[in-house]
Amino acid sequence: MSRTGKILAIGGVFVASIIGAAIATNSQGNNQSSIAAGESQVQTLRFSMSSNNKHPIYDGAAKFKEIVEKFTELKVDIYPSAQLGDDRAAIEMLQLGTLDVSIPSTGPLANFYPEYNVFDLPFMITSEAVADKVLRSEFSDDMLKRLESKGLVGLDFWENGFRHLTNSQQAVRTIDDVKGLKIRTMESPLHLDAWKAMGATPTPMAFNELFTALQQGTVDGQENPYPNIALNNLYEVQSTLSNTGHVYTPLALIVSQATWNKLSRHDQRVLRQAAIDAGDYERQVNRQVNLESLDVIKENMDVVELTPEALVGFQEATKPVVEKYTPIIGKDVVSAFQEQIKKAESELATE
């Protein structure tokens with residue numbers, strides 16, 4: 001059973017369960033520490049994110065804050081737009097214990113946990129419905145558990161979404177049109193290799209530096225989900241979008257192990273459930289904004305729908321990247337990921 005099935009939904013039953021657990025813990029007397037008895041040594045959680053306050057990820061963070069503050073004595077302060085640092089910097093601060101919570105993409109996480117490259121292998125997850133099943137499964141539970149090896153606690157996977165290519169030079173209709181384009185990517189070797197395999201000249205860069213780089217011509221294009229493109233006005237410095245859908249990007253809601261160890265058991269349970277409930281909410285908002293963002297993009301940019309044949313060209317070009325990273329990620333992890341995808345597709349076909 002996945003973590004979703006193990007934890008009761010927030011509401012009357014959930015509140016009763018956590019209160020009951022706290023009472024039971026308190027009744028055990030001196031055998032339990034003050035933390036276990038319900039006295040967290042943390043008052044405020046600093047929550048860092050790269051996205052701005054217009055993005056659905058911020059809405060998810062606000063819902064997380066609402067739930068945590070309702071059911072605990074904790075406060076949650078949200079810092080959007082990479083105010084405290086980009087994803088990579090946030091991960092490092094979490095490991096050092098100088099930050100409490102963050103929601104990075106899996107790409108930057110792979111710099112610290114090579115097995116996390118599995119989420120960024122191109123052309124794996126085929127739909128949002130498949131993603132939902134894969135990211136709420138025993139496979140995803142195992143991936144979150146792996147974060148504990150380097151000072152992090154993984155609570156849930158949220159959604160960034162399918163990534164698509166934009167550029168200011170030419171319409172990309174086939175893999176041949178990518179050749180020579182200077183494309184900004186996340187700070188991930190796998191993403192760099194994938195775009196090299198597709199013929200581009202990739203440049204790793206923090207997202208908060210992207211608009212200026214596009215404006216100044218440092219890079220010709222970039223790849224991101226629709227909301228990231230529309231809500232950051234990238235259409236002002238980009239002329240065309242190609243619906244490549246080459247990667248579905250999850251986000252990992254993570255807490256510093258140092259912070260986690262200072263929380264009471266009650267507060268830990270609330271944070272875990274808040275992450276799941278807020279994640280569900282974030283997905284709903286993200287998918288609505290995804291549709292609205294595409295409308296904005298169509299009003300301001302040329303949108304290319306790749307033909308099935310053209311899409312095959314992209315898939316074939318990136319197969320060597322999958323082969324290269326399989327031993328880096330671990331064959332067992334890649335196989336488990338692929339099996340979970342097949343299982344999800346099979347279940348959806350019979351629903």
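1. I'd start with the largest pocket, where β4 gives the most to the lining, with three residues. Bear in mind that this is a predicted model. The pocket holds about 340 Å³, and 17 residues line it, with Thr126, Phe162, His164, Thr244 and Gly245 the closest to its centre. Two or more lining residues come from each of β4 (152-162), α12 (265-300) and α13. Sorted by class, the lining of this pocket has nine polar residues, six nonpolar and two charged.

2. Next, the enclosed spaces. Rolling a probe the size of a water molecule over the atoms shows where empty space is left. Here the count is three cavities of 30 Å³ or more. The largest cavity takes up about 270 Å³. Its lining runs to 22 residues, and the closest to the centre are Ser50, Asp87, Ser105, Met186 and Phe207. As for the character of that lining, ten residues are nonpolar, six are polar and six are charged.

3. The second largest cavity comes in at about 60 Å³. What is the class make-up of its lining? There are ten nonpolar residues, two polar ones and no charged ones. Have a look at the residues themselves: Val118, Phe119, Leu121, Phe123, Met124, Ile125, Phe162, Gly245, His246, Val247, Tyr248 and Phe337. A couple of these names have come up already: Phe162 and Gly245 line this cavity and are also listed among the residues closest to the centre of the largest pocket. Two others, Phe123 and Phe337, turn up again below.

4. Now Phe123, which sits in the loop between α5 (106-109) and α6. Most residues other than glycine have a negative phi, and most peptide bonds are trans. Phe123 has a positive phi, near 60°. Since Phe123 also lines the second largest cavity, I'd check the backbone and the cavity in one view.

5. Asn233 belongs in the same discussion. This residue is not a glycine either, yet its phi is positive, at about 55°. You'll find Asn233 in the loop between α10 (226-231) and β9 (240-242). Is Asn233 buried, partly exposed or exposed? Its relative accessibility is 29%, so it counts as partly exposed.

6. On to helix α14, residues 331-350. Its 20 residues span 29 Å from first C-alpha to last, close to the 28 Å expected at 1.5 Å a residue. Buried in this helix are Val333, Val334, Phe337, Gln340, Ile341 and Ala344. Why do they line one face of the helix? Viewed down the axis of α14, the buried residues fall within an arc of 125°, so they line one face. They pack against α6 (128-134), α7 (138-146) and α13 (308-329). On the other side of α14, the exposed residues are Lys331, Asp332, Lys342, Ala349 and Thr350. Phe337, one of the buried set, is also part of the lining of the second largest cavity.

7. While you're on α14, look at Ala336, which is found in that helix. Ala336 has a relative accessible area of 32%, so it counts as partly exposed. Its C-alpha is 9.9 Å from that of Glu138, although the two are 198 residues apart in sequence.

8. Pro56 gives another long-range pairing. This proline lies in helix α3 (residues 56-71). Its relative accessible area is 0%, and with buried meaning under 20%, Pro56 counts as buried. What does Pro56 touch, leaving out residues up to four places away in sequence? The list is Pro227, Leu231, Glu282, Val285, Asn286 and Val289. Pro56 and Asn290 are 234 residues apart in sequence, and their C-alpha atoms are 9.2 Å apart in space.

9. Finally, the overall picture. The protein has 14 helices and eleven strands. Of its 351 residues, 54% count as buried. Among contacts with a separation of 6 or more, 77% join residues 24 or more positions apart. The pairs Ala336 with Glu138 and Pro56 with Asn290 are worth having on screen when you go through that contact figure.

Key. Residues are numbered from 1 along each chain as its sequence is written. This is a predicted model: local features need pLDDT of at least 70, side-chain atom pairs count only at pLDDT 80 or more; totals for chains, interfaces and linings use all residues. Side-chain values use heavy atoms; hydrogens and water are left out. Helices (H or I, at least four residues) and strands (E, at least two) are DSSP runs, numbered from the N terminus. The expected span of a helix is 1.5 Å times one less than its number of residues. Buried means under 20% relative accessible area, exposed over 50%, partly exposed in between (1.4 Å probe, protein chains only). The arc is that of the directions from the helix axis to the C-beta atoms. Contact means heavy atoms within 4.5 Å. On a 1 Å grid over the protein atoms alone, a cavity is a set of points where a 1.4 Å probe fits but cannot get out, and a pocket is an open set with protein on both sides within 12 Å along at least five of seven lines; lining residues have an atom within 4 Å of a point. Grid points are joined across faces, edges and corners, and a volume is the space filled by probe spheres set on the points. Ala, Val, Leu, Ile, Met, Phe, Trp, Tyr, Cys and Pro count as nonpolar, Asp, Glu, Lys and Arg as charged, and the others, Gly among them, as polar.
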